[in-house]
Amino acid sequence: MIQTETPVARFLSLYARNSNQDDMTSVAAHFADPFLSATPAGTQSVRVADFAAALPKKKALFDRLRSQPTELISVRETPLDSRYGLARTTWRFS
């Protein structure tokens, strides 16, 4: 279990809990519209409606794989400036 001392860590812990409870409405409701998503392939702006539409597909994939609930292992935060930060996360999939 990660330490939830920062707002970002608390947000990600809540995201993990809601995702594992299949509460997709709550998951999507935590995001600004649009929000930035960063991956190894780059950064992109994501509309919440598009994100919400993808959540059932993610759940269906995990169900097909018979995945257990995901576990948030770590959060490393890096401030980018006075307004933005980067959160690097590690998740465990079983």
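Ring pairs link Phe-11, Tyr-15, Phe-31, Phe-35, Phe-51 and Trp-91 into a cluster. I start there, and I should say at once that what you have in front of you is a predicted model.

The count of aromatic pairs comes to 7. One of them is Tyr-15 with Phe-31, an edge-to-face pair at 5.9 Å centre to centre and 85° between the planes. Tyr-15 belongs to helix H1, while Phe-31 sits in the loop between H2 and E1, so this pair ties together parts of the chain 16 residues apart in sequence. Tyr-15 has a relative accessible area of 15%, and therefore counts as buried, the cut-off being under 20%.

The rings of Phe-35 and Phe-51 also form a pair. Their centres are 5.3 Å apart and their planes stand at 85°, so the pair is edge-to-face, for which the planes must be over 60 degrees apart. Phe-35 is in strand E1 and Phe-51 in helix H3, so this pair too links distant parts of the chain, 16 residues apart. Both Phe-35 and Phe-51 are buried.

Phe-51 takes us to helix H3. Which residues of H3 are buried? Val-48, Phe-51 and Leu-55 are. Those numbers fit a general point about helices. With 3.6 residues a turn, residues three or four places apart in an α-helix point the same way. As for what covers the buried residues of H3, the list includes helix H1 (7-20), helix H2 (24-29), strand E1 (35-39) and strand E2 (42-46).

Next, the length of H3. The helix has 17 residues, 48-64, and at 1.5 Å a residue it should span 24 Å; the C-alpha atoms at its ends are 25 Å apart, which agrees. After H3 comes Arg-66, with a positive phi near 55°.

Back to helix H1, where Ser-19 is found. Is Ser-19 buried or exposed? Its relative accessibility is 11%, so Ser-19 counts as buried. Setting aside neighbours within four places in sequence, Ser-19 is in contact with Met-24, Val-27 and Lys-58.

For contrast, take Ala-41, in the loop between E1 and E2. Ala-41 has a relative accessibility of 80% and therefore counts as exposed. From Ala-41 to Pro-56 is 15 residues in sequence and 23 Å in space, C-alpha to C-alpha.

Now the strands towards the other end of the numbering. Strand E3, residues 71-79, and strand E4, residues 85-92, run antiparallel and are joined by 8 bridges. A hairpin of 5 residues connects E3 to E4. To give one bridge by name, Thr-78 has Leu-86 in E4 as its partner.

Last, the largest pocket. Its volume is about 1200 Å³. How many residues line the largest pocket, and which lie nearest its centre? The lining has 29 residues, and nearest the centre are Phe-31, Phe-35, Leu-36, Ser-37 and Ala-87. Phe-31 and Phe-35 have come up already, as members of the ring cluster. H1, E1, E2, E3 and E4 each supply at least two residues of this lining.

To go over the main points again: the ring cluster includes Tyr-15, Phe-35 and Phe-51, H3 has the end-to-end distance expected for its 17 residues, E3 and E4 are antiparallel, and the largest pocket has Phe-31 and Phe-35 among the residues nearest its centre. That is where I stop.

Methods:
Residues numbered from 1 in each chain as written. Predicted model: local features only at pLDDT ≥ 70, side-chain atom pairs only at ≥ 80, totals over all residues. Heavy atoms only, no water. Helix = DSSP H or I, 4+ residues; strand = E, 2+ residues; numbered from the N terminus. Expected span 1.5 Å × (residues − 1). Buried < 20%, exposed > 50% of the residue type's maximum accessible area, 1.4 Å probe, protein only. Contact = heavy atoms within 4.5 Å. Phe/Tyr/Trp six-rings, centres within 6.5 Å; stacked < 30°, edge-to-face > 60°. Pairing = 2+ DSSP bridges. 1 Å grid on protein atoms, 1.4 Å probe; cavity = no way out; pocket = protein on both sides within 12 Å on 5 of 7 lines; lining within 4 Å. Points joined across faces, edges and corners; volume = space filled by probe spheres on them.
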